[in-house]
Every structure is written in structure tokens, then in C-alpha cells.
Amino acid sequence: MTGKIGFILGNEAIVEGALVSGATFFAGYPITPSSEIAERASRRLPQVGGYYLQMEDEIASIAAIIGASIGGAKAFTATSGPGFSLMQENIGLAVMAEVPCVIINVQRSGPSTGLATKPAQADIMQARWGRHGDHSIIAISPSTVQECFDLIIFAFNVAETYRCPVLFMADATVGHLREGCVLRSKDEVEIINRKRPPEGLDEYYPYKADEDLVPPMATLGGHYLARFHSSSHNEKGLPTSSPVEAKDLIKRLYDKIEKNKDKIVKYKTFDVDGSDYLLIAFGGAVRAARQAALDAKKRGLKVGVLQLQTVWPFPAEYVCELAKDKKGVVVPEMNMGQIIGEVRKAVPDAIPVVGANRYDGEPLAPYEIMKALDEVLPL
């Protein structure tokens, strides 16, 4: 498939990218607007020697991929809205037990059933804080079909690198979009596999981290006894109530992501240098933001766009640096305003920050962003 160009849905590109990354296991439950992922995975995985399981619900789906990953597979699932809510407890398990896997959420309007076939971006804060307890998380958001392919490979790579679950926060706008996409082969992309313990150890400690704060991961059924525990545990994988061991564990789980932000955070900029105003967007809203910037140029305004490909960890330092000389910032989102809070915390207080929001199930339009931009223009 080297260099092959496909005219495919974003959801289909996600599956193709997952296969290139080496994914061999999918468990899921069909739910709009992510169902095309399950449907394509059911056909494509057996063709490459992989496995597809349709589960009875989303709780079983996330549990199955965690088990498959512990068994040595690169595993993923896909869901939306209510299904993502059901998965939160076991995503927390994957955080604590340090199990690499990828959870795709093709976001739709809510809450509850909401507008089941309509796009939204209202799960961004749930992606960050959906699990209880102190932790960090990686969440990635594509804005094009090509990014669905490219960024899902990146999602698997960072999941394997940092031994953690990764959230792939697409939305129905992009998931159901059909565009040209270069379907690169495994030889054309970087593929990262989880770190394995060296041979010949007298005893393998499943949670003894290397200097990069990530422990090597043994596969069940191999040479070493491997423990995976949801409770606070020591380096041997045994439960502990020691305050020192509990503190060290939580701090390491947090630091292995936050201290590697420079390697995890991805973004794109468009006409930012020399601009007076900045639009900060992610996912499907980026498309409207880029058109709005072009429309603003016709009015003589200099408007740049920052696309957040990695939403979490949030690149607060970079946003601050980028916005410090701007006259105003607009944050387009298909929700009532979620990531704008992070932007406001990062941007100097003297710079006005406003949102351009739509949450009626329709995609955000460029003219709505232009109206928000008018709010930060000088009188």
C-alpha cells in the first residue's frame, strides 16, 4: 500500500492507520458515529491475522482491550458519548496498571443519547478528568482524514512508549468526512513497540521504572511472573498501603507524561508569525477556523491559527508564548466552552480571550468565528 491514495472516511482511515501501527486486536460495541470503525476493523483485522470481537457493551470492550494488551497485543476500541462514559473506570485501571491501549471517541452531541448522529466536541474535559484520582492523560484530536491516519499511528506510539492508555478524540465532523488520504506503509512511518525487560533477570519487578520513568513490560505467559494491579502497588506489583510507596507511584505516573510533554505535544500553526490575532482550535473546528482566518485576511486583518493536535497534556507554555504579542484570541469549539478555560489560564490577562461556540449538533461555521473575532477588535 506504499503511497496509495484512498478516498475514504476519517473513521476508515483510523482503522488503516491502526493496522499500520501494528494493532492486532479490536473489541468494541457499535455506536454512532463511530460504527464505521468497528465495521471496517471486523473485515480488515482478520485479513492481517488480527482479531475482532464485538462485545456486549462498552464496559466489556475496554476490559477486553486491556486484557489483550496485557497478553502482548496492540489493542484498540472505538466508541462515542455514552460509551465513553461507561469506559472511564477501566481507563483508570489502564492508567494505574500501566497498560498501553488506544481508545477512540468519535464525539457526538449530548448529554445522554443527545443527537446521536450529530457532531460535537463536548467530551474534552471528560477526556482529561473522567477518571477519579490524580493522574495525567494523553488525548489527541485530528482535523482531517489524513490526520486520522497519521495521528492514530502516533497515538499507538506514545501509548507503547509511556505504557499508558491514549485517547483519540475525533468528532463526527472528521469521522464522517471523506477526503483523499495517503495510506503510508509500515516502512514509511515510525513504529514504536513497548519496552521489554532484559533476559536473565533473577527477578522481574513489573513496576520498577527506568530513568525515563517507564517500567519495561513483560507479557503474560513469558519467562517472567508479571503482575498488573489496580490498587496502589510497589515495584513488585504487590498491593501496598505505604504512604511513601503510594506517593512515589502516583507522582511517577503523572511525571512520565508531564515531564515528556515536549515529546508528546503536537500542533500546527498557520500564518501565526506577524499576526495580530490568534485562533486556537482542535478537531473539526480547525477547518472552520482556517477558513475564518482567510476571510479575515480579505478584511485586512492578520489572523493566525494554532491547531492543537495534542489536546492533553495542554501546551500552556507554548500557548502563552504564542499569544503574548497578540491583540486578541478566539477559541472556536463545538461545545459551550471547554478548552477555552485552559487558554485563558495560559494567555496573559491583558489579552482578551473569547469563544466561538456551537452546540446544536451542526458544525461550527467560519462566519460564527468571524463574529467572535469582532468582539476582540478595537472599537
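**Entry 1: aromatic rings**

I started with one aromatic cluster, formed by Phe-26, Tyr-52, Phe-76 and Phe-156. I note here that the model is a predicted one. I then counted aromatic pairs and got six. I looked at Phe-76 with Phe-156. Their ring centres are 5.9 Å apart and their planes meet at 80 degrees. Planes over 60 degrees apart count as edge-to-face, so this pair is edge-to-face. Phe-76 belongs to strand 4 (residues 75-79), and Phe-156 to helix 6 (residues 145-162). The pair therefore ties together parts that lie 80 residues apart in sequence. I checked burial too: both Phe-76 and Phe-156 are buried.

**Entry 2: the seven-stranded sheet**

I followed strand 4 into its sheet. It is an open sheet of seven strands, in the order 3-2-4-5-7-6-12, and the pairing is mixed. Which strands stand at the edges? I found strand 3 (51-54) and strand 12 (310-312) there. Each has a single partner strand, so one side of each has no neighbour in the sheet. Neighbouring strands are turned by 20 degrees against each other on average, direction ignored.

I looked inside the sheet next. Strand 5 and strand 7 (residues 165-171) run parallel and are joined by seven bridges. Val-106 has Ala-170 in strand 7 as its bridge partner. I also traced helix 6 over this region. Helix 6 lies across strand 4, strand 5, strand 6 (138-140), strand 7 and strand 12. The helix runs at about 165 degrees to strand 7.

**Entry 3: a loop serine**

I moved to Ser-109. It sits in the loop between strand 5 (101-107) and helix 5 (124-129). Is Ser-109 buried or exposed? Its relative accessibility is 7%. Buried means under 20%, so Ser-109 counts as buried. I listed its contacts, leaving out residues up to four places away in sequence: Gly-114, Leu-115, Lys-118, Pro-119 and Ala-120.

**Entry 4: the five-stranded sheet**

I found an open sheet of five strands as well. The order is 9-11-10-13-14, again with mixed pairing. Strand 9 (267-270) and strand 14 (353-357) are at the edges. Each has a single partner strand, so one side of each is left without a neighbour in the sheet. The twist from one strand to the next averages 20 degrees. I checked strand 13 (residues 328-333) against strand 14: they pair in the parallel sense over five bridges. Val-329 stands opposite Val-353 in strand 14.

**Entry 5: nonpolar cores**

Val-329 came up again when I looked at the cores. The largest nonpolar core has 49 residues. Ile-103, Leu-167, Trp-312, Val-329 and Ile-339 have the most contacts inside it. Helix 3 (residues 58-70) gives the largest share of this core, seven residues. A second, separate core holds 43 residues, including Ala-38, Phe-149, Ala-159 and Ile-264.

I took a closer look at Ile-339. Setting aside residues up to four places away in sequence, Ile-339 touches Ile-124, Phe-282, Leu-308, Val-311, Trp-312, Phe-314, Val-331 and Glu-333.

**Entry 6: cysteines**

How many disulfides are there? I counted zero. Cys-101 is in none; the nearest cysteine sulfur belongs to Cys-164, 8.5 Å away. A disulfide needs the two sulfur atoms within 2.5 Å. Cys-101 has a relative accessibility of 1%, so it counts as buried. Cys-320 is partly exposed, with a relative accessible area of 30%.

How values were computed: Residues numbered from 1 in each chain as written. Predicted model: local features only at pLDDT ≥ 70, side-chain atom pairs only at ≥ 80, totals over all residues. Heavy atoms only, no water. Core = buried A, V, L, I, M, F, W, Y, C linked by side-chain atoms within 4.5 Å. Buried < 20%, exposed > 50% of the residue type's maximum accessible area, 1.4 Å probe, protein only. Helix = DSSP H or I, 4+ residues; strand = E, 2+ residues; numbered from the N terminus. Contact = heavy atoms within 4.5 Å. Pairing = 2+ DSSP bridges. Axes fitted to C-alpha atoms, helices over the stretch in contact; angles between N-to-C directions. Phe/Tyr/Trp six-rings, centres within 6.5 Å; stacked < 30°, edge-to-face > 60°.
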